[in-house]
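These are my notebook entries on a single protein chain. I set down each point as I looked it up.

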Amino acid sequence: MAFKLSLRRQSTALACSWAARVPGVSRRSFASASSSLAEGVQQTIQRDASLPNPDPKADSPSAALVDDHAPFMVATYARPPPVFVQGEGSWLWDIENRKYLDFTAGIAVTALGHCDAGFTRILADQAKTLVHASNLYYNPWTGALSKLLIEKTLESGCMRDANAVFVCNSGSEANEAAIKFARKVGKVVDPSGDKHDFVSFNNAFHGRTMGSLSATHNPKYQKPFSPMVPGFRQAKYNDIESIPAAVTEKTCGVIVEPIQGEGGVQTASPEFLVALAKRCREVGAVLIYDEIQCGLSRTGTFWAHGNLPEEAHPDILTTAKALGNGYPVGAVLVNTHVSEKIKVGDHGTTFGGNPLACRLAHYMVSRLSEPQLQKDVLAKSNLFRDRFQRLQARFPELVGEIRGRGLILGLQLTEDPSPIVQAARERGLLVITAGTNTLRFVPSLTVTNEEIDAGLDMLEDAIAATRA
């Protein structure tokens, strides 16, 4: 679907682009004819005219809109210039009708692509039926979503004793609930109150609420808001030998990402997760898998821990992102060991579990648990990896390790990828970074083979342009 706007750019770059479409007028001759312009301006004109999606300029409609709104927004993000107004599948359009192939999926959120037809139909239908009634009452969809999550989890061979679900609004809220649940279990197991320590790992990212932030041992995130919640300890990811000293009798909970997204697409080894689970059982600590970014079939299995033996399955699993395909919803799956210790009044949420969010999430779980979709994810992953290997061969001084599984992939670079991200964007491809000098690829799970090839062609051109 093309998104058409009768907007007119007043910038010189657009004038050059227009001139390039006029018979007999080339981009180069247009710029050369503007001999009164400074050399730097002429070079900018030629550069922008050669790009399909040059970033909007300071005098563009995009900039005008941003300048009008920015004074009223808390400046918590540094955003690039495009203003997105419409999406379909793996594509986005900005306010100036530029088209972008989206390999970010809203940071692993739009798993079925932008504006999936079934999702949109359900959203409209439920919005005119019932949006909210509060958790003071039952509604049909909170229970239906909870039941489906447990059924699909068990059918997939994951979290062998998954028993009940708490529905909330986001990933941070899901992790916050998981932390509280683990603390409550610790209080029940050891009434003295000594069992309250929490363990998480280097390079982890679990959210920005104070509890989840305390489990995110990154000074960039923690320092402005310190001191953190007491009792949180950092351990070393993938270091089996360090587990006994990190997880002790005072540990009530351990939270770990089977694949660290924000941390650079680092994958926990099966041996590490098995050893971690064993230690948690030994000391009576609750094991939490944060699958907010890597779960719901992004790895080719329903949950990322689906390749692990049962003894490594978690007591709590957190999810969000793809669960709502862009609508805010999160969930916490717990086993009986945890659920039997949570009583009425221990936790709550005003919006979590509302009928609209839960009906949408029910649809998403139904779609994302389809075996064929999971097989397709693995096949598409191989396409990415093949092209990444070609990039390694062409740019050996730049492109290093390929990490991740399924469609959560990382490409380690030897330098800051920011220029490549911009060059890719200006060629029509959206990619994001993670960790240290890592390009992160988390496209829609429904991205096509042709779109993968087209996007990686853009990426290769972008890298080449930054090498010149």
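Entry 1. Leaving aside its neighbours within four places in sequence, with which residues is His206 in contact? I worked on a predicted model. In it I found that His206 touches Ser172, Asn175, Ser200, Ser212, Ala215, Thr216, Ile255, Val256, Glu257 and Asp290. I located His206 in the loop that runs between strand 5 (197-201) and helix 9 (210-214). I then asked whether His206 is buried or exposed. Its relative accessibility is 3%, and because buried means under 20%, His206 counts as buried.

Entry 2. I turned next to strand 5, where the loop of His206 begins. I noted that 5 of the 5 residues of strand 5 are buried, so this strand is largely enclosed by the rest of the structure. Which residues of strand 5 point one way, and which the other? Asp197, Val199 and Phe201 point one way, while Phe198 and Ser200 point the other way. I compared this with the general rule that side chains in a regular strand alternate between the two faces of the sheet.

I also looked up the partners of strand 5. Strand 5 runs parallel to strand 7 (residues 251-256), and 3 bridges join the two. Within that pairing, Phe198 has Gly253 as its bridge partner. Strand 5 also pairs with strand 6 (residues 232-235), in the parallel sense, over 4 bridges. There, Ser200 has Gln234 as its bridge partner.

Entry 3. I examined an open sheet of 4 strands, whose order is 1-2-3-15 and whose pairing is mixed. Why is one side of strand 1 (84-88) and of strand 15 (429-430) left without a neighbour in the sheet? Both stand at the edges and each has a single partner strand, so one side of each has no neighbour there. Strand 1 is joined to strand 2 (residues 91-94) by 4 bridges, and these two strands run antiparallel. I recorded one pair from it: Gly87 has Leu92 in strand 2 as its bridge partner.

I then asked what lies across this part of the structure. Helix 17 (residues 449-467) lies across strand 2, strand 3 (99-102) and strand 15, and runs at about 105° to strand 3.

Entry 4. I looked up helix 16 (residues 418-425), whose buried residues are Ile420, Val421, Ala423, Ala424 and Arg425. What covers them includes strand 3, strand 15 and helix 17. Strand 14 (408-413), strand 16 (432-434) and strand 17 (438-441) are also included in this cover.

Entry 5. I searched for empty space. I found 1 cavity of 30 Å³ or more, and the largest cavity holds about 40 Å³. Its lining includes His132, Asn135, Phe351 and Pro355.

The second largest pocket holds about 720 Å³ of space. Of the 24 residues that line this pocket, the closest to its centre are Asn135, Thr142, Val165, Phe166 and Val167. Helix 7 (140-155) and strand 4 (162-168) each supply at least two residues of the lining. The largest share, 4 residues, comes from strand 4.

Entry 6. I ended with the chain as a whole. I recorded 17 helices and 17 strands. Of its 468 residues, 51% are buried. Its accessible surface comes to about 20900 Å², and 55% of this belongs to carbon and sulfur atoms. Among contacts between residues at least 6 apart in sequence, 72% join residues at least 24 apart.

Definitions and conventions
Residues numbered from 1 in each chain as written. Predicted model: local features only at pLDDT ≥ 70, side-chain atom pairs only at ≥ 80, totals over all residues. Heavy atoms only, no water. Pairing = 2+ DSSP bridges. Contact = heavy atoms within 4.5 Å. Axes fitted to C-alpha atoms, helices over the stretch in contact; angles between N-to-C directions. Buried < 20%, exposed > 50% of the residue type's maximum accessible area, 1.4 Å probe, protein only. Areas by Shrake-Rupley, 256 points an atom, 1.4 Å probe, with all protein chains shown as cover. 1 Å grid on protein atoms, 1.4 Å probe; cavity = no way out; pocket = protein on both sides within 12 Å on 5 of 7 lines; lining within 4 Å. Points joined across faces, edges and corners; volume = space filled by probe spheres on them.
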